[in-house]
Amino acid sequence: MNHVFHRAPKEILPRAVGGDGIYVIASDGERYLDASGGAAVSCLGHSNETVRRAIHAQVDKLAYVHSGFFTTDVMEQLGDRLVTLAPAGLERVYFLSGGSEAMEAALKLTRQYFLEIGQPQRTRIISRQQSYHGNTLGALAVGGNKQRRAPFEPLLMEGVSHISACNPYRYQAAGESLEAYGLRAANELESELLRVGPETVGAFVAETVVGATAGALVPAPGYFKRIREICDQYGVLLILDEVMCGMGRTGSLFACEQEGVAPDLCTIAKGLGAGYQAIGALLVSGTIFDSLLGGSGFFQHGHTYMGHATACAASLAVLDVIERDHLLENVQNQGALLTRLLHEAFDGNPHVGDIRGRGLFQAIELVADRETKQPFEPALKLNGRIKRQAMARHMMCYPFGGTADGQRGDHVLLAPPFIVTGEQIADIVQRLKDSVAAALAEIVT
Ligand code: PLP
């Protein structure tokens, strides 16, 4: 008998004992190809020497100090570095230990900002369906995934409403251009603001490229520019959740760079520590920071491990490696190859309805019927079957359900490490093709 309360206690998991580049080594000696970076985390693979050395060096000097008493060189350096690299206007960094923590901080800071500037009535948040922002109660409340919310609905805060995801595959009308669709989708925010009263809304929250719960959903061209315009017009803050899609995953350090917009608050995590340390961050605009400085002078928030010195040292090394090894270029190049090979492998599959994504953040969406885009019945648990088939082929990918409407639909997300080679990309696609075929064979008669 063991005593660990695992995520899915009925599952029997292999035991990981080591890492070697993009492979995880299990206790039986099997090498698992990590095609999803876990959950889009391990962007440098599992054995990066530079990051390991940086962690060792920091632990030898000072592992941790409480941020209420001291600052550290590594925290200051990481703050400077991120602000230098971030979209214009983001000027301060509040460090945390993960994505949900970063989202909670974003929501609470939004509330406090409007208190500081004398607009206490702005308590509402608008976000989107099929988005995921974390599992803590505040983040879950703004998230739009029905499955994950359902059991906790009575505990979730009120005053949150959800507009549609920007999902051309499902919602672009026949004869409508992608740009026209993007505009229409963004205008839903304005309609919702007018419905609830724009003066009551504090922020609009969105993943720049939607990850886990919608499968690498890339915004239509112009969507976020229109969103930014609407937010500015009505005095609403724009919170971009780049916990999964940020830190280089889509080929630019911040995903929103490619949309030509800058948010007022931006959350990052996952790739920031690349899995070598647990770290997240909230980047905030100078305007928000100054409101606090000129007002109460204190953000009513905080966690024990925020700004953890070892985590900051690891993140600095992660950014060094990304820069030194030109990894954003590799994300772009291998991403293009991944797109091409996914099309070659799945264009002829009648149950793959869409192939989408950007950089090394791509997905396939599975459907029962390509014409009608009808999803498979959730009871068939197709995404779980694909995960099992992939693990049987010693590959980690990230399948998930509820893609179409929060309940129905299946997709498989790929987010391989930025160090992946062309040969490994081909291997990933082949194993995915075999896994999908085997899973479909179990349910399609
Ligand atoms: N936001 C997004 C977009 C995510 O994908 C996730 C996790 O998958 C989170 C927030 C929550 O991050 P964490 O699991 O580190 O709390």
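A polar contact is a pair of N or O atoms within 3.5 Å. In the predicted model described here, several such contacts link the protein to its ligand. A polar side-chain atom of D241 is placed 2.7 Å from a nitrogen atom of the ligand. Oxygen atoms of the ligand are also approached: the side chain of K270 brings an N or O atom to 2.9 Å from one ligand oxygen, and a backbone N or O atom of G99 lies 2.8 Å from a ligand oxygen. Of the 390 Å² of accessible area that the ligand has on its own, the protein covers 81%.

The surroundings of the ligand comprise G98, G99, S100, Y132, H133, G134, E207, D241, V243, M244 and K270. By character, this shell divides into 3 nonpolar, 5 polar and 3 charged residues.

G99 also belongs to helix α4, which covers residues 99-116. At 1.5 Å a residue, the 18 residues of this helix should span 26 Å, and the end C-alpha atoms are 25 Å apart, which agrees. The buried residues of α4 include G99, A102, M103, L107, Y113 and F114. Charged E104 is likewise buried. After the helix comes G118, whose phi is positive, near 75 degrees.

A further buried position occurs in strand β15 (residues 410-414), where H411 is found. Its relative accessibility is 0%, and H411 therefore counts as buried, the limit for this class being under 20%. The side chain of H411 reaches the backbone oxygen of A212 at 2.9 Å.

Technical notes
Residues are numbered from 1 along each chain as its sequence is written. This is a predicted model: local features need pLDDT of at least 70, side-chain atom pairs count only at pLDDT 80 or more; totals for chains, interfaces and linings use all residues. Side-chain values use heavy atoms; hydrogens and water are left out. Helices (H or I, at least four residues) and strands (E, at least two) are DSSP runs, numbered from the N terminus. The expected span of a helix is 1.5 Å times one less than its number of residues. Buried means under 20% relative accessible area, exposed over 50%, partly exposed in between (1.4 Å probe, protein chains only). A residue is near a molecule or strand if one of its heavy atoms lies within 4 Å of it. A polar contact is a pair of N or O atoms within 3.5 Å; within protein, one must be able to donate a hydrogen and the other to accept it, and residues adjacent in sequence count only if both atoms are side-chain atoms. Accessible areas come from the Shrake-Rupley method with a 1.4 Å probe; for residues, only the protein chains shown count as cover.
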